[in-house]
Amino acid sequence: MSLHLLLAPAAVGKTQHCIQRIREINRENPLAPIWVILPNNATAFAFRRRLARAGGAIGVHLGTFYSLYEELLAEAGQLVARLDEPVITYLLREVAVELHHAGALNFFANIHTLPGFRRALHAAIQELKRARIDPNDFTHWAQGRSARLRELARLYTAYQERLLKSDWADGEGQGWLAALALEHDANLARGWRLLVVDGFDEFNPTQLAVLKLLSARADETLVTLTGDSRERVAHRRFVHARAAIESVLSPCLPVSLSPSPSTTPIAQIESILFESASQKIPVDNAIQFIEAPNRAEEIRAALRWLKARIVRDELKPSQVALLARSIEPYRAFIDETATEFGLPIHLSEGANLATNPAIAALLNLLAVSAQDFSRRRVVDAWRNPYFDWSPQEIEQDDAERLDAAARWGQVVDNMAHWQDTLARLEKINLNDESVEHDDEVLDAPTGAIAAALAQKFFAFAKRLAPPIRATMRGYVAWLEQLIGDDPGLLTEYERESDTSLHLVRCARASAATRDRDVAALRELKNVLRALVFSETAFGVAREIAFVEFLTELRGAIEAATYRVPPPDQTESILAASVLSARGLSFRAVALVGLAEGEFPRATTEDPLLMETDRAALNLAPRLSGDEVTFFYEAVTRATEKLLLTRPYLADDGQPWEASPYWEHILGLVDAQPSRADKSIAPEDAASETELNLISNAHHASAQSQVLAARMAEEARGQFEGDLSALRSRLAQHFSPTHPWSASRLETFGTCPFAFFTAYVLKLEPRPPAQAGYDVRQLGTMYHAILETLFRAAPDPTNLDALLTALPIVARKIFDDAPETYGFRPTALWQQQRSELERILADTLRALSEASVGWKPIHLELAFGKDDQPPLVLRGDDGKEIQLRGYIDRVDVNTAGELRVLDYKAGSSSITKQDLDDGKRLQLALYALALRDALKIGAPVAGLYWHINAAKASSLKLEKYPGGIDAAFERATTHALSHVARVRAGDFAPHPPDGGCPQWCPATAFCWRYKPKE
Ligand code: SF4
């Protein structure tokens, strides 16, 4: 029994030494049993490949500690099934729920069902098991301590009891059982010729116990560790690992490698990392630094550099790697950029299953019926390319039609509202000229199209209807039928189901995302299998509601990860976290994310096992300061070339400081960082897209012109609403016979670009459908009630009679309002009606006071419509415009003088300044129409009446400086000027002082947008 500890710095040939030793033994005795234990599957894969290249060796078992445990248990005849992660997750949830029901969880009561709690609980239990702390011992230890620890002990005990009852184990439990099997059976694992343990930087107590027993039986044990004779900060973690291994494998015979003198820059850096250096190391191009504005650009720079290593340095993809302290924040950028650059890449860590687009789409779809057919979810489901709705005859444009119907019918999330809306639309006949239709109904499907849409909608709802109650197995069977088969797994005799959504087939349709989505959907099948297995394995199957199934499914999916298989792992670039890449070696490495808080990572206390608990239990501390060693391990993964990158702006655009490690290594070498935001030379372009961007000078200059225009303080120019190039077409469209309304002119006066988007581009704002009336519908109801009331009144100046008639008139209009004006009343509708009636009564009283001596003679008086002549305004240049509209009310006094009133439902005040600025023209133009178009007479007064506030506006035509004629002149000048600017194509945006109005269709994209104050 010989025991050797090979201690040497990184990258000086420890693994090579192990391979040589294996080959020597293999040459002596080709059948000699040899075991090699490695930290993870990636290092096992790399070791196997190197061994094969060195000539190979038969009889070599190669794997991780977990595979070793399984083999030992199998040899010992203990067939203990190891549970998958989804099953463990389900079991932990079951255990937590049972304990909570039994009143045994108070401290964790509010979080016991959360996926995050299950993850933390799983990690804590695994750690206790690795330390071989038995549930009974832990319970005993937790007595008299905090509620957190006592409840953790209950959870651990209950979890372990459930495993034992069913003869199952988790990964750490297998290690524990393997150690016990070795202790009880002295012949187990006898006769091994060589045991190699390579690439580790830590050992847990179970691993140490197993190694102690195995090394006592193997002829020879060889353990490699990074380190040297010096005490180095960079080796902090290795020092602990060495102390741990020497405490159980003593006495270890030291083996030394004689490293060649540090000649390469990376080898020199290795020797002085985290030490002080007297002079800077010249690195030429062996070590480079790039600063990028953000993570996306950082990944572009890193992958471009790696592609250059493959193309220019002729390295193989497997000889280069992309590393980060945590790969997760970079995952999406890596996927996207590697695809663009045509680089074969494989990520060593799995992605969270819930983040896969196909799975997210499915979870959203399942929530449709649970959320009573919410408009957003239904329309999204109809648009979603992952679902095939052809059995329901749903076509591409149907999602838009359904959305328009929902907006028209104000459907938010209620099946009854869908039914009602589609039935109402079906009854609408747009060819019936006796009925006036609003603009929105013209967008929504009507008549036969609405009827067909209704059929599709109900077929959709039927297909999605889950069993009301079912066992887990029942729900999983229903879901699997919904998802459909994987065409890639069907035999030639099998056919896909006709009634499924063909989710896998749809996912296969896109070459760019096929592998990713199919891998995720296959993992979903594993999750579903685990749910069924858990139900039957851990209890009697019980029927549950669909919502409960959905919660279970979502929790299991959130806890699961999936991995996209690389096209060819031997010839693809590894993208991995620094921890996953320990023990691996590459000729070139790009290490990204050297930003403050990112690397070294800011570590926090474990919420379940805090540092003081860890110290008392003899567990490894969490805040151990191992980051220096991780950085040492990251840097030394490269043997020839190393790129270090950092983002200098955080996700929120704030400056992001460099990592102290970045500063440290920059201080050691004779090199300066370059900036990734500088333009790249054509020969450095890594994709066709990049090349096009570089070579398309016109495109680049257009981009910079757009940017400069947007950044300019004053909006002007062709990228800021200057459409003068189209002036002849605009003049043709807005010709002298074009009918104008005062509100359109006011829109231009408020912001020319808002007018352009609304009336030239004809865009419409798309606010989400909401139940209840909006301010426009409120104004229409007010107008209708006041008009009906005054028209029907024998004496419209008799306030008492008006107030008596108000409830009857209001009731009739309110009763019909939802149908007439197209809104869906909320539960508050009855209270709202009472409140609106009170407001109208108050306004009638105040209006009566403000109208002493005046009497209404015209209501809703048309000009430019209903065969009435338009108001024609003529400019000095002889150009004309025509206006039309309805005057709310015209009053006459005993002297026969006229007054014009315009009702306003909104609460914004209207002042003289608004007319001066050309933003409020309606009242003056309507008064002018009374005189010049209808020729009823020249009004002497005019006011806006604010119905809600029950008062007149401060702008009164008769009080305008210069009198009412001056107001007419001002309004006319503005109206003519607005139209002249429209015809000239002058639409530069000008956000209103108080902020941009919600009705502006450009608010979603306008770069001059100013929020409401
Ligand atoms: S968002 Fe504001 S600035 Fe832009 S067009 Fe609309 S109103 Fe004008």
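**Notes on the predicted model**

1. Asp201, Glu202, Arg237, Arg582 and Asp626 are joined to one another through a network of salt bridges. It should be said at the outset that this is a predicted model, and the points below are to be read with that in mind. Across the structure there are 66 salt bridges, and some individual pairs are taken up in points 3 to 5.

2. As to overall build, the protein chain contains 37 helices and 28 strands, and its C-alpha trace extends over about 125 × 70 × 65 Å along the principal axes. The radius of gyration of the protein chain is 38 Å, whereas a compact globule of 1013 residues would have one near 31 Å. Of the 1013 residues in the protein chain, 50% are buried.

3. Which residue forms a salt bridge with Glu340? The partner is Arg300, and the closest N and O atoms of the two are 2.6 Å apart. This pair links distant parts of the chain, since Glu340 belongs to helix α13 (residues 331–341) and Arg300 to helix α12 (residues 295–311), with their positions 40 residues apart in sequence. The two partners also differ in their surroundings: Glu340 counts as partly exposed because its relative accessibility is 28%, within the range from 20% to 50%, while Arg300, at 17% relative accessibility, falls under the 20% limit and therefore counts as buried.

4. A second salt bridge brings together the side chains of Arg970 and Asp916, with an N to O distance of 3.6 Å. Arg970 is part of helix α37 (residues 964–984) and Asp916 is part of helix α35 (residues 912–916), so this contact ties together parts of the chain that are 54 residues apart in sequence. Here Arg970 is partly exposed, its relative accessible area being 33%, and Asp916 counts as buried at 14% relative accessibility.

5. Asp986 and Arg981 also form a salt bridge, in which the closest N and O atoms are 3.0 Å apart. Buried, exposed or partly exposed: how does Asp986 count in this pair? With a relative accessible area of 30%, Asp986 is partly exposed, and Arg981 is likewise partly exposed, with a relative accessible area of 31%.

6. Turning to the ligand, a reader may ask where it sits. The ligand lies in the largest cavity. The residues that surround the ligand include four cysteines, namely Cys751, Cys996, Cys1000 and Cys1006, and among the others are Phe753, Ala754, Pro991, Pro992, Pro997, Ala1002 and Tyr1009. The shell around the ligand divides into 11 nonpolar residues, no polar ones and 1 charged residue; Arg1008, which is also among the surrounding residues, counts as charged because Arg is placed in that class.

7. Some backbone details deserve a check by eye. Most residues other than glycine have a negative phi, and most peptide bonds are trans. The peptide bond that joins Phe599 and Pro600 is cis, with omega at about 10 degrees, and Pro600 is placed in the loop between β18 (586–592) and α24 (611–617).

8. Asn618 has a phi near 65 degrees, which is a positive value in a residue other than glycine. Asn618 is in the loop between α24 and α25 (627–635), and because its relative accessible area of 71% is over 50%, Asn618 is exposed. Glu860 also has a positive phi, of about 45 degrees, although it is not a glycine; Glu860 lies within strand β23 (residues 854–863) and counts as partly exposed at 22% relative accessibility.

9. Finally, two pairs of residues give an idea of the distances spanned in this model. Lys956, which is found in strand β28 (residues 951–956) and counts as partly exposed at 22% relative accessibility, is 104 Å from Asp185 in space, C-alpha to C-alpha, the two being 771 residues apart in sequence. Ala933 has its place in the loop between α36 (922–932) and β27 (939–946), and at 9% relative accessibility it counts as buried. The C-alpha atoms of Ala933 and Arg21 are 107 Å apart, and these two residues are separated by 912 residues in sequence.

Terms used
Residues are numbered from 1 along each chain as its sequence is written. This is a predicted model: local features need pLDDT of at least 70, side-chain atom pairs count only at pLDDT 80 or more; totals for chains, interfaces and linings use all residues. Side-chain values use heavy atoms; hydrogens and water are left out. A residue is near a molecule or strand if one of its heavy atoms lies within 4 Å of it. On a 1 Å grid over the protein atoms alone, a cavity is a set of points where a 1.4 Å probe fits but cannot get out, and a pocket is an open set with protein on both sides within 12 Å along at least five of seven lines; lining residues have an atom within 4 Å of a point. A molecule sits in a cavity or pocket if more than half of its atoms lie within 2 Å of its grid points. A salt bridge is a side-chain nitrogen of Lys or Arg within 4 Å of a carboxyl oxygen of Asp or Glu. Helices (H or I, at least four residues) and strands (E, at least two) are DSSP runs, numbered from the N terminus. Buried means under 20% relative accessible area, exposed over 50%, partly exposed in between (1.4 Å probe, protein chains only). The radius of gyration is taken over C-alpha atoms; the globule rule is 2.2 Å times the number of residues to the power 0.38.
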